[in-house]
Amino acid sequence: MAKAETPGVVPLLEVGQERGNDDKIKLKKQLGLLEGVAIIIGIIVGSGIFVSPKGVLKEAGSVGLSLVVWCLCGFLSMIGALCYAELGTSIPKSGADYAYIGEAFGSLPSFLYLWDAVFIFVPVTNAVMALTVANYLAQPIFPDCRPPDAALRLIAAVCITFLTWMNCYSTKVTTKLQNVFMVAKLAALGLVIVGGIIAFSNGASSMFQDPWEGTSTDPGKIAVSFYQGIFSYAGWNYLNFMTEELKDPFRNLPRAIYISLPVITAIYVLANVAYMAVLSPSAMLSSDAIAVTFSGKMFGYFAPIMPALIAVAALGGLSCHILTSSRLCFVGARNGHFPDCLSLVTVNNLTPAPSLVFLGALSLVYLCTSDIYRLIDYAAFVESMFILWSISALLWLRWKQPDLVRPIKVNLLIPILFLLICGFLVFLPLYVRPVEVGMGLLITACGIPVYLVFIGWKSKPRSFVNALNEIAVFSQKLFNGVKEDKDE
C-alpha cells in the first residue's frame, strides 16, 4: 500500500539505519545453476504428471490427440521460457510477470496480475498439489473406494502448514531438500517408464493400433485439454520470481531453462506412453491416482513403493511452489501494492515469513473443495490470461524501448507465435467452461475498485493509515521482521 508517516504512529523499522551497511537485512543471492535447475524441475515435476493425464485424455478424446497435446504443451513451455529468458535478463527483478507487466503497462495492470496470482492462481495451485499428495498417501489405505474428503483435506492442510513453516525457517535448507525431492520424482517417473517398456515388450500395444479413435473436434474441448496439460508444465517461469536471489542471473537463468524443459518434455511424453500401454482409457478415466493404478497392475507386491515416491515428489513440487510464489507477494508489498506487513524479512532467517504465512492461509481456504480438476481449470485460465499480458509486454517494450539492454534477445517470431497460442487458450474455452472463466474475469475485475481505493486514493483518512501502520508494527513483533535494507 502507499506509505505514509503519521504523527504518533511507529514507522516500520529500517534495520540498516541501526546495524550499519556491512550487515544488511535482505534476501541473499544463494542460488546457483544446480539450485535453479532443481527449482524448475521441482515445481514442474510435481503433482501434474500424476493427475493431468486423466484430464487431458478426457477432453482430447483419443490416445493420439492426448499425446500430441503433451508434446505441444512441452513445445509451448519451451518457447514461453525463451521469451521469459529475455524478459528476466532485461528486467532482472523478482516477481516475474508482475515486474514485466508493470514495466510495460504501469501500476494498475501489474496490480491486477498480483491480485489474481495471490488470490487465485498461487493458493489454488498449492491446494491442488497438497490434495495430490493426500490422494496418493490415502489411496493404498482405501484401495477399493474413494478416500473420505475430510481425510484428504486434513492431510493436505498438514502438508501446506508444514512446508510453509519449513520455508519460513530457511531458504537454504528448503532449496537443498529439492535435491532429495528431485531424486524421488525422477525415480517415480523412471518406474513408470520402465513399466511401460516392460508392457510393450510383452505385447501391450492395443491402445496404439487405432490411436485417433474418439478424437474430439470441438476447439473449446481441445483448448481445455491444453489447460490440463499446461498445468503439468506450470512452473517453467517460476525461477524468474527469484531473480534477485540467483547468482549471475544473466547466465544461470537461461541455462537453467535450457537444461530443464527438454528433459521434462521427454520424460512426460514417455510417462504418458507408459500409462497408455498398461491402462485402458476407461481405467485411466476412472482413477484419481493413475500412477497407483498403474503400479498396482505392473508391480504386484512392490506397488506400494509408487504412491510413496509420488507423494514425496508432489511434496517437493508444493515446497518449491510455496518458496517461489511467496516472493511475488513479498515484491508486491515492497512496491506498495499490498500492505507493508507483507514486505517484511525475518531478522534471524532472512525469509519473507509474513508473505509465506499469508499465502499458506489462503491455500488452506481453497481446501474447501477436493475437486482437483475444477481447481485446475480455474488456475490454468488465470495463468494463461496473464502470460498473454506478459508476452504482450515483451512486444510492447521491443517497440517502445528498442535500446533497452537485452542480454538475451529472441527472434521476434517466437513471442508472436506464443502470443497467438496463448490467445487461443484464453478465448476458446469461454463457451466450454463459462462458469470458471466468468469467475476468473469477475475476480480480476474486483481488483480495479480495490486498486482505486487502496492505492490510487492518496489522501486517505488518518484513522485508516493508523490502522495499517498498527497492523505492520504487529507483524514486525509477531515475526521479528523488518523492511529490507536498500542498496546504496
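Here are three short exercises on this predicted model, each with a worked solution.

Residue numbers start from 1 along each chain as its sequence is written. Because the model is predicted, local features need pLDDT of at least 70 and side-chain atom pairs count only at pLDDT 80 or more, while totals for chains, interfaces and linings use all residues, and side-chain values use heavy atoms, leaving out hydrogens and water.

**Exercise 1. Check the length of helix 2 and find what covers it.**

Start with the span. Helices here are DSSP runs (H or I, at least four residues), numbered from the N terminus. Helix 2 covers residues 33–44, which is 12 residues. The expected span is 1.5 Å times one less than the number of residues, so this helix should reach 16 Å, and its end C-alpha atoms sit 17 Å apart, which agrees.

Next, burial. Buried means under 20% relative accessible area, exposed over 50%, and partly exposed in between (1.4 Å probe, protein chains only). In helix 2, 10 of the 12 residues are buried, among them Glu 35, Gly 36 and Val 37.

Finally, the cover. Counting contacts as heavy atoms within 4.5 Å, what covers those buried residues includes helix 6 (107–138), helix 8, helix 9 (219–233), helix 10 (249–278) and helix 13 (305–334).

**Exercise 2. Trace the nonpolar patch that includes Val 173.**

List the members: Phe 162, Trp 165, Tyr 169, Val 173, Leu 177 and Val 180 make a nonpolar surface patch of about 570 Å². Helix 7 (149–169) and helix 8 (171–201) are the elements that give two or more residues to the patch.

Now zoom in on single residues. Val 173 belongs to helix 8 and counts as partly exposed at 35% relative accessibility. Phe 162 is partly exposed at 43%, and Trp 165 is too, at 49%.

**Exercise 3. Classify two aromatic pairs.**

Set the rule: rings of Phe, Tyr and Trp (its six-membered ring) pair if their centres lie within 6.5 Å; planes under 30 degrees apart are stacked, over 60 edge-to-face, and the rest tilted. That rule gives 18 aromatic pairs.

Take Phe 162 and Trp 165: their centres are 6.1 Å apart and their planes at 35°, so they are tilted. Both lie in helix 7, three residues apart, about one turn of the helix.

Then take Phe 454 and Phe 464: with centres 5.6 Å apart and planes at 45°, this pair is tilted. Phe 454 lies in helix 17 (residues 434–456) and Phe 464 in helix 18 (residues 462–479), so the pair ties together parts 10 residues apart in sequence.

Key
Patches are made of residues with over 30% relative accessible area and no salt bridge: like charges are joined within 9 Å, nonpolar side chains (Val, Leu, Ile, Met, Phe, Trp, Tyr) within 5 Å. Accessible areas come from the Shrake-Rupley method with a 1.4 Å probe; for residues, only the protein chains shown count as cover. A salt bridge is a side-chain nitrogen of Lys or Arg within 4 Å of a carboxyl oxygen of Asp or Glu.
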